[in-house]
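Welcome, and do keep the viewer open while you read. Here is a short tour of a few spots in this protein, from single side chains to packed helices.

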Amino acid sequence: LPPGRCCPPAVPPGLAMLAEEEEEDFQRFLRRVDDITSLVQGLNSTDPAVREKTIAETEKRLCDEEASKEEESRTALNRTVINTRASVRDGFLAILEKDAKERAKRRKRNEHLANALKEKGNDAFRKGDYVVAIQRYTEGLGKLKDKQELYTNRAQAYLKMQEYEKAIGDCEWALKCNKKCIKAYFLMGKAHLALQHYSESRQCYEKILQIDPQKESLFKDCMNEVNMEEKRMKDEERATKEVQSGNLAARSITELLQKLNRPGQNILSYTGGIRLLAGAVKDCTEQTLFRTNNGFSILQDNEIVRRGFCAERENTAEVDLSVSLLFLWQAVCAGNEENQRLLLTHPDVNTQLPKLLSSGISEIQKETLALISLYSENENGRRLLVRHQDLTKWLQILMMFVNSTDARASCAMNILSDLTEEERFKTQCRVTLSTDVLPLFSQLLTSARLVNQAALARCIGVMGNLCADVVIRTQMAECKECWQACLKLVDECFHVSTPEYQECVFAALGLMMNLLLESNVIIQCLAVDISGRCMSLLGEKDGRIVTRAIGVLSRILPASSSAVEEVVKGGVVKKMLKLLKAGGQVTSSYGIKTLSVCARSNRQAQEDLVKADKRFSVLLKLLDSENEMIVGNAAFCLGQCLVVPGAATSLLNSNVVMILLKHAGGDATRTSVQQNAAIALGKLCVAEPRHIFQLRKLNGLAILNSAMKYVHSI
C-alpha cells in the first residue's frame, strides 16, 4: 500500500452504490468463471476418470445453456459433436466471448455516465460547492468503481472540506487503479501534511520524483512546504512554553501587541508602539509570538495604521508610520520563512510594495529595499516573491535606482541579480520589456556619465543575464536604440577613464556578445559600426575589455562581408596574431575565430596572415591546443590560407603533416574538427605535393584519400 496511516476500507467507496442487478450480474459472472476454470482443469487432467466425469458435467451445463435460449435457436443436441475435448473448449470460449462482449458494452455505457458525473462534479468544485462535487464523484464511482480520476477529484474535494483521512483513503484507491498516479501522491502528501504526518508527507512527494524526475521543481516546493510547516509547529510549541514559563521578553511581545490593538489613539502613538515592538523582536521565539498573537492583522484591524500606511504619504507622520512598519516587518521576517509568507500574502502589503519602491521618499525606499532583500537573498524567498507578487514592472522600477547615488542603487541591483535566477521572473519581464524597460535602459546607457556608474555596470550585467531567455534576447537584439546606446557608451570610454566606467564598458561588451547569438536586419546594418568600435578597443590597457572586444568581433563579422572588409583594412590580422601570441585560452578562442571568419571569404586577409606569420608559427601552436574549438578554427584558417602561393611550401620543414594527421585520424572528438584537419591536410598536399612523402612515412595516405572528398566538395 502507499504510505499512510489510514487503513483502506474493505470495499471501495463506490462499490456500495452499484445497482442491485449489476452486483448480482457481477457475482454471477465470477461464479461462472470459477466453474469454467474448474472444468478446463478437469479436461486437462491425466486421470481418465476425472476427464469422463468433467465431460459429463460439461454436457449437462451446455444442455442447460441451450435450453435457456429463444425458441428459434433451440436445436437437438448433437452429442457426437461435444464428446470431444476440442468441441467442449469451443463451447466455453463462445460463452466467455459472449459474456465479455456484454460486459464491454455495459462498461462503455457506464464509462459515459461516469464521465458525465465527473464533469458535473468538476463544475461544482470550480464553484466552491465541494459537498455537491463529492456527491457527483461518488455517483460516478457507482457507475465505474475503477475510474482513477473520480478518486483523485473526490480526494481534492475532501481536502477542501478538511476531511483529510477520507482524502487519503481515496488517494490509496486511486493508486490501486494507477500505481503511478502523481496527482494521488501529491494530494495524499497534502492530506498527511494537514494531519502533521510529516514523514508520510515527505514519502509521498519522494514517490512523485521517483515516478517522474522532471518534477524536481514541484518536489522541491512540496518538500519546502513540509519543512516550513514542521518548523512552524516546533517554533510555536517552543514559544508557548516560553510564555508559560514567564519569560519577560516573550510577555512583552504580547503586551505591546495588545496596546497597538487599542482603538482611538493618534498616529504618533501607534508609530511609537510599532518602533518599540520592532526593537523587542530579537529572535525566533519573539517572531513566532508576533505571528501567533495576530501581529500581521495590525493593518486590517487598526484603521488609523492602515490608512497611514496606504496613504500617499504627504505628511511626516505618515512617512514615519510607514518606515516604522517596514522596520517591524524586517525584524519579524528576518530568517523566518513562515512570517515572510504571511506578510507577502497580506493584500495591503502585496499592493503597496511596488508603490513604496516608487514613492520617491528615500527613507521609505531604503527600508522597502532592505525588506525585499530578505526575500531575494535565498531561494525560498525568491519563490515567494515570484509566486505572490506581480513582478512585471519590478525590472523597470528597480532599474530606476541606477540614478541614485547612495546605497539604494547597490541594494536594488542586488535584488535584480538575485531575481534573474528565477525563470518565472524572466517570464514576467517579457511583458513590459519592449514598451517600458528597453527605453529606460537605453536612456541610462546614453547617460552613463551622469548616473551611478557602479550600479549601471551591474544593471547591464543583469540585462545580459536576462538574455538567457530567448524571448527577451530576441526583443533586445531587435531594439536599434539599445544597440546605439551601447555604441555611444563605448565611444565615451576614451573620454572617461574611471574604473567604474571601464566596468560599464566591460559589461556592455558582454551584453553585446549575448545579443549577437541572434541574427537580424538591425545587427547586419550596424555590423560595420559595431566592429569598428571593437577594433578601437583592441589597444585598451584592460585585458578583460580587449578579450570581450575580440569576442564581439568573432560574432559580428559573420553577419556582414562589409564589416570583414573594413576590419581587414584596419589591420585586424596583425592585431589578432599579436594577441594570439600572448593571449590566454579565452582570448585565443575568440581571436582564432575572428581570423577564421576573415580568412574564409577575404583574400586580403589570407595574404596578410601568410605575410605576417610566414611559417605559420601561431597557427601551429594553436593546433596543439587542448581546446578543440581552437584546434578546429586553426585548421580551418590554415586551410583557407594555403591557396596563397608559397604558403604550403613554407611548411615543408615543419611537423604540420603529423599534427593535422593526428586530428584528422580521430584524436579529435568533434567531427567538425576532424573534417577541418582533413581538409587542411588535403589542401596542403595538393598545393605542395612534397608533403605527400611525409604523409606516406606516417602511413597517412588512407586518411588523405578519405579527405579528398571534402577537398573536392568545397
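## A loop asparagine with two backbone partners

A polar contact here is a pair of N or O atoms within 3.5 Å; within protein, one must be able to donate a hydrogen and the other to accept it. Please bear in mind that this is a predicted model. With that in hand, look at asparagine 452, whose side chain reaches the backbone nitrogen of alanine 454 at 3.3 Å. A polar atom of that same side chain of asparagine 452 also lies 3.2 Å from the backbone nitrogen of alanine 455.

Where does asparagine 452 lie? Its place is the loop between α24 (433–446) and α25 (453–466). The relative accessible area of asparagine 452 is 19%, and buried means under 20%, so asparagine 452 counts as buried. Leaving aside residues up to four places away in sequence, asparagine 452 touches Val402, Ser404, Thr405, Asp406 and Ala409.

## Helix α15 and its buried face

A similar kind of contact can be found at the start of α15, where a side-chain oxygen of asparagine 302 comes to within 3.2 Å of the backbone nitrogen of isoleucine 304.

Helix α15 spans residues 303–310, and its buried residues are Val305, Gly308 and Phe309. Viewed down the axis of α15, these buried residues fall within an arc of 95°, so they line one face of the helix. An α-helix has 3.6 residues a turn, so residues three or four places apart point the same way. What covers the buried residues of α15? The cover includes α12 (267–280), α14 (298–301), α16 (316–333) and α18 (347–357).

## The α7 and α8 pair

Next, turn to helix α7 (residues 164–177) and helix α8 (residues 182–194), whose axes come within 9 Å and cross at roughly 155°. That angle makes α7 roughly antiparallel to α8. The crossing of the two, α7 and α8, is left-handed.

Which residues meet where α7 and α8 pack? From α7 come Tyr164, Ala167, Ile168, Cys171, Glu172, Ala174 and Leu175. On the α8 side, they meet Ala184, Tyr185, Leu187, Met188, Ala191, His192 and Ala194.

## A buried histidine in α37

Last stop: histidine 663, which sits in helix α37 (residues 656–667). Is histidine 663 buried or exposed? Its relative accessibility is 8%, so histidine 663 counts as buried. Along the chain, histidine 663 and asparagine 676 are 13 residues apart, and their C-alpha atoms are separated by 8.9 Å.

Key. Residues numbered from 1 in each chain as written. Predicted model: local features only at pLDDT ≥ 70, side-chain atom pairs only at ≥ 80, totals over all residues. Heavy atoms only, no water. Buried < 20%, exposed > 50% of the residue type's maximum accessible area, 1.4 Å probe, protein only. Helix = DSSP H or I, 4+ residues; strand = E, 2+ residues; numbered from the N terminus. Arc of directions from axis to C-beta. Contact = heavy atoms within 4.5 Å. Axes fitted to C-alpha atoms, helices over the stretch in contact; angles between N-to-C directions. Parallel < 35°, antiparallel > 145°, perpendicular 65-115°, else oblique. Left-handed = near helix turned anticlockwise from the far one by under 90°.
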